[in-house]
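Colleague: Before I trust the labels on this one, I'd like to go through them with you. Can you put it up?

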Amino acid sequence: MMQVTPAGRLQLAVLASGRGSNFDALCQAIERRDLNADIKVLVSDKENAPALDKARKRNIEAVYLNPRSYNNRDEYESDLVKLLKGQQVTVVALAGYMRLVGPVLLKYFQHRMVNIHPALLPAFPGLQAQQQAVDYGVKYSGCTVHIVDAGMDSGPILMQAVVPVLPDDSGDTLAERILVEEHQIYWRSLQLLAEGRVYIDGRKTVIGGYIDEKGTH
Ligand code: GRF
């Protein structure tokens with residue numbers, strides 16, 4: 001079994017393409033001291049992503065990286081890795097980042113990149129997961145935080161929360177209910193990493209006991 005990160009304050013980068021409510025929830029958890037982390041940088045591939053403004057308002061470095069200025073994904077990600085290395089980032093949190101991560105980013109942050117998805121994986125990966133759940137007629141859906149691998153929403157699962165699907169739900173009303181839980185499980189998952197408690201065993205994560213500063217469980 002392999003430990004994902006040793007215990008200690010996480011140096012996070014958040015990658016977001018849109019609204020940034022998960023980014024905000026992480027900031028709030030840090031402010032409350034529920035999450036032992038610093039957010040070093042918010043990176044977006046969309047110039048007008050509200051997430052960029054949210055970061056600027058909090059005096060967190062906000063960087064727009066335009067994928068169209070690069071010849072291919074590898075070049076884009078090489079630059080991104082350079083930026084993240086420069087900021088001494090230890091863990092990358094994808095929060096509504098609408099791109100499939102490629103080999104360059106994956107290699108450098110292997111097992112140290114996490115994602116949040118608005119469904120109970122492996123059900124409903126990909127886009128519009130909440131609408132997929134409503135259309136399918138499941139009675140429960142929810143959200144998943146997982147370690148990123150080469151697939152789409154497919155890596156080892158860290159945490160999930162279950163949310164009922166109500167008879168009158170639309171994709172939007174379900175999304176709202178799921179979002180409340182997203183804002184809880186993302187910082188909680190990252191805090192497990194900060195406590196050095198996450199191990200990978202094949203496609204599973206194993207969460208170890210809490211060890212305090214004196215080394216007692
Ligand atoms: C969330 O529903 C997240 O699960 C999905 O994209 C959405 C991002 O929302 N990956 P926000 O930008 O964090 O508000």
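Modeller: Here is a walk through the ligand site, the pocket and two backbone oddities.

Modeller: Ground rules: this is a predicted model, where local features need pLDDT of at least 70, side-chain atom pairs count only at pLDDT 80 or more, and totals for chains, interfaces and linings use all residues. Residues are numbered from 1 along each chain as its sequence is written, and side-chain values use heavy atoms, with hydrogens and water left out.

Colleague: What makes a residue one of those around the ligand?

Modeller: One of its heavy atoms has to lie within 4 Å of the ligand. Arg19, Gly20, Ser21, Asn22, Gly96, Ile116, His117, Pro118 and Glu182 are the residues that qualify.

Colleague: Why is the pair between Arg19 and the ligand called a polar contact?

Modeller: A polar contact is a pair of N or O atoms within 3.5 Å. A side-chain N or O atom of Arg19 is 2.5 Å from a ligand oxygen, so the pair counts. Ser21 has a polar side-chain atom 2.6 Å from a ligand oxygen, and for Asn22 a backbone N or O atom lies 2.8 Å from one. The protein covers 85% of the 370 Å² of accessible area the ligand has on its own (Shrake-Rupley, 1.4 Å probe).

Colleague: How do you know that the ligand sits in the largest pocket?

Modeller: Sitting there takes more than half of the ligand's atoms within 2 Å of the pocket's grid points, and the ligand passes. A pocket is an open set of points on a 1 Å grid over the protein atoms alone, with protein on both sides within 12 Å along at least five of seven lines; lining residues have an atom within 4 Å of a point.

Colleague: What volume does the largest pocket have, and which residues are closest to its centre?

Modeller: About 1,000 Å³, as the space filled by probe spheres set on the points. Of 38 lining residues, Gly96, Tyr97, Met98, Ile116 and Pro118 are closest to the centre. α6 (a DSSP run of H or I, at least four residues) gives the most to the lining, 6 residues.

Colleague: What makes Asn59 and Pro122 stand out?

Modeller: Most residues other than glycine have a negative phi, and most peptide bonds are trans. Asn59 has a positive phi of about 60 degrees, and the Leu121 to Pro122 bond is cis, with omega near 10 degrees.

Notes. Polar contact = N/O pair within 3.5 Å; in protein donor to acceptor, adjacent residues only side chain to side chain. 1 Å grid on protein atoms, 1.4 Å probe; cavity = no way out; pocket = protein on both sides within 12 Å on 5 of 7 lines; lining within 4 Å. Helix = DSSP H or I, 4+ residues; strand = E, 2+ residues; numbered from the N terminus.
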